[in-house]
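Hi there,

Here is the structure I promised to hand over. Have a look at it first, and then read on for what turned up in it.

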Amino acid sequence: MLNVIIFLLGAGLMFFMALRSMLARRRLCTRGEKVKATVEGIVQSRDGAAYVLAFATAGGSHRLQYPKPSRSKDFAEGSVVTLYYDPEAPEKMYVEGDKSVLGAEALYAGIGVALLVLMFALL
């Protein structure tokens with residue numbers, strides 16, 4: 001019985017993480033600012049490699065560092081990407097088409113399903 005509870009809690013946590021990530025991305029896309037940003041290059045930040053995205057708004061020009069996924073299609077220097085960000089918390093951002101974010105959501109959901117399947121296999 002304890003195993004069933006552990007598997008249910010694990011699966012619930014994975015589904016919660018997938019939903020939280022999906023809702024955060026959706027909130028940025030619906031309530032955040034949508035801008036066209038130019039990829040100026042790659043810099044090393046304290047968290048690893050990051051793209052430097054430059055864009056202009058009515059408030060002036062801005063530069064943000066967007067984490068570079070290790071296993072994703074690279075954005076070419078000089079290319080233009082669609083960026084969604086929260087002006088009040090610029091560290092919350094999403095580049096349209098970033099498959100690493102979508103992959104993380106799918107991974108959480110997949111692990112949740114796997115835990116449920118394992119739970120039923122043990123019954």
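Let's begin with one pair of residues: Glu33 stands opposite Tyr85 in β4. Before going further, please note that this is a predicted model, in which local features need pLDDT of at least 70 and side-chain atom pairs count only at pLDDT 80 or more, while totals for chains, interfaces and linings use all residues. Residues are numbered from 1 along each chain as its sequence is written, and side-chain values use heavy atoms, with hydrogens and water left out.

The sheet

Helices (H or I, at least four residues) and strands (E, at least two) are DSSP runs, numbered from the N terminus. Two strands pair if DSSP finds at least two bridges between them. As general background, strands of a sheet pair through backbone hydrogen bonds, either parallel or antiparallel.

Here, five strands make an open sheet in the order β3-β2-β1-β4-β5, and the pairing is antiparallel. At the edges are β3 (60–67) and β5 (89–95), each of which pairs on one side only. On average, neighbouring strands of this sheet are turned by 45° against each other, direction ignored.

Now follow the pairs. β1 and β4 are antiparallel and share six bridges. Seven bridges join β1 to β2, again antiparallel; these two strands form a hairpin with two residues between them, and Ser45 stands opposite Gly48 in β2. Strand β2 (residues 48–57) is joined to β3 by eight bridges, and the two run antiparallel. They too form a hairpin with two residues between them. Within β3, Leu64 is the bridge partner of Leu53, and Ser61 is the bridge partner of Ala56.

The helices

How do helices α1 and α2 cross? The axes (lines fitted to C-alpha atoms, for helices over the stretch in contact, with angles from 0 to 180 degrees between N-to-C directions) of α1 (residues 2–31) and α2 (residues 99–122) come within 8 Å and cross at roughly 160°. That makes α1 roughly antiparallel to α2, a label for angles over 145 degrees (under 35 is roughly parallel, 65 to 115 roughly perpendicular and the rest oblique). The residues of their contact divide into 20 nonpolar, three polar and two charged. Here Ala, Val, Leu, Ile, Met, Phe, Trp, Tyr, Cys and Pro count as nonpolar, Asp, Glu, Lys and Arg as charged, and the others, Gly among them, as polar.

Helix α1 also lies across β1 (33–45), β4 (80–86) and β5, running at about 100° to β5; contact means heavy atoms within 4.5 Å.

Aromatic rings

Rings of Phe, Tyr and Trp (its six-membered ring) pair if their centres lie within 6.5 Å; planes under 30 degrees apart are stacked, over 60 edge-to-face and the rest tilted. By this rule there are three aromatic pairs. The rings of Tyr84 and Tyr94 have centres 6.4 Å apart and planes at 20°, so this pair is stacked. Tyr84 lies in strand β4 and Tyr94 in strand β5, so the pair ties together parts that are 10 residues apart in sequence.

Enjoy exploring!
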